[in-house]
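Welcome! Here is a short briefing on salt bridges and on one helix, meant for a first look.

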Amino acid sequence: MALVSLILPAYNEAENLPELRRRLAAVTAALPGHEFEFLLIDNASADATPALGEQFAAEDPRWRFLRFSRNFGAEISLAAGLRYARGEAAVLIATDLQDPPEKLPEMIALWEQGYQVVYGQLARRADGNPLKTIGVRIAYWLIHRLSDVRIPPNATDFRLLARPVVDAVNQCREQNRYLRGLVQWVGFRQVGFPYDRAERKAGQSTANVLFCLQYAFNAILAFSSQPLRLATYAGLLTMSGSILGAVAYTGIYIAYRLGWLAYGPPPGWTTITLALFFLIGLQSVFMGLLGEYIANIYRETKERPLWVVDRVAGFEGGAPGLGRLARAVEDPTRHALEAESESPARPGERILR
């Protein structure tokens, strides 16, 4: 039987977890040809999420729970889940019940047909906030237009990754992570399936309009240099316009002095002032853009760990790198990254990346 790891990132999802567990149990029970493990990654929730995670792990040996020392973000939760997944395939499922677990048999069937990446594509979005819907659409449009890798339209993180894909993604060590871009970058045989995103059953989403736009911005910075190229083009265009304007101004002035025109160029500083402020603003935008790229370079050079573990439950041999930071295996000829649970760490021995 093939082991399938279900990665469940959570942040303040205590109201949704019992229903999610019930639905996952029903779906996996209908797939007797596979074994399953459930890896719940808690991003330092402030509600009862950690208590439920430890309870699930105590009641069912298939459940494993890992809690971060602070909120490291949704992308890092996915990275940690892939790091500790032991299955021949890993499935990423949101714990807010908006991604239907009932799609799991269809995803596994496509994997068994030979596809190594099976990703969900939104056919219908059930967001109660129209502003969020607009923000998400703008974010997807920007990512699709500006990313160097081609992200399928409306693709989500609700997806299945075969073990070779998981190993390849685990070797990508950048701090500014964008999983959908990484999965497209590593390649392999991929296929999408449509699904409708349900409304959130309980709790409050943290993905507001500002979050969506920031998400798009980070994705573009991680997988595209096109904004810098656009800045260069805009600078050349502005400079060309200034030269043409100067030539036109000089021609009008000469024609007026020679008596060919009844009126010379209009006097005054309004146009000059507006143009000056425009160019100053344009330069400020480009300086900020360069600053964002330099800031990303600065974060990468510090080589800090991607996450820090607070506590775990259900891990054999104890906590992986409990209370310490851990370093990934450097040798690319090894099996991507060692599984922490296969060689338990002594306290303070490992570093989590």
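**A pair within one helix**

E19 and R22 sit three residues apart, about one turn of the helix, and both belong to helix 1 (residues 17-29). This is a predicted model, and here are the points to look for.

- The side chains of E19 and R22 form a salt bridge, at 2.6 Å from N to O.
- An α-helix has 3.6 residues a turn, so residues three or four places apart point the same way.
- E19 is partly exposed, at 31% relative accessible area, and R22 is partly exposed too, at 49%.

**Pairs that link distant parts of the sequence**

- E102 and R23 also meet through their side chains in a salt bridge, at 2.8 Å from N to O.
- Because E102 lies in the loop between strand 4 (89-92) and helix 4 (104-112) while R23 lies in helix 1, this pair ties together parts that are 79 residues apart in sequence.
- E102 is partly exposed, with 42% relative accessible area, whereas R23 is buried, at 14%.
- Another salt bridge joins R64 and E37, whose closest N and O atoms are 3.3 Å apart.
- R64 is in strand 3 (residues 63-68) and E37 in strand 2 (residues 34-42), so the pair ties together parts 27 residues apart in sequence.
- R64 is buried at 2% relative accessible area, and E37 is buried at 2% as well.

**A network and the total**

- D42, E54, R67, D310 and R311 are joined into one network by salt bridges that share partners.
- The count of salt bridges comes to 13.

**A mostly covered helix**

- In helix 6 (residues 163-170), seven of the eight residues are buried.
- Among them are R163, D167 and N170.

Notes. Residues numbered from 1 in each chain as written. Predicted model: local features only at pLDDT ≥ 70, side-chain atom pairs only at ≥ 80, totals over all residues. Heavy atoms only, no water. Buried < 20%, exposed > 50% of the residue type's maximum accessible area, 1.4 Å probe, protein only. Helix = DSSP H or I, 4+ residues; strand = E, 2+ residues; numbered from the N terminus. Salt bridge = Lys/Arg side-chain N within 4 Å of Asp/Glu carboxyl O.
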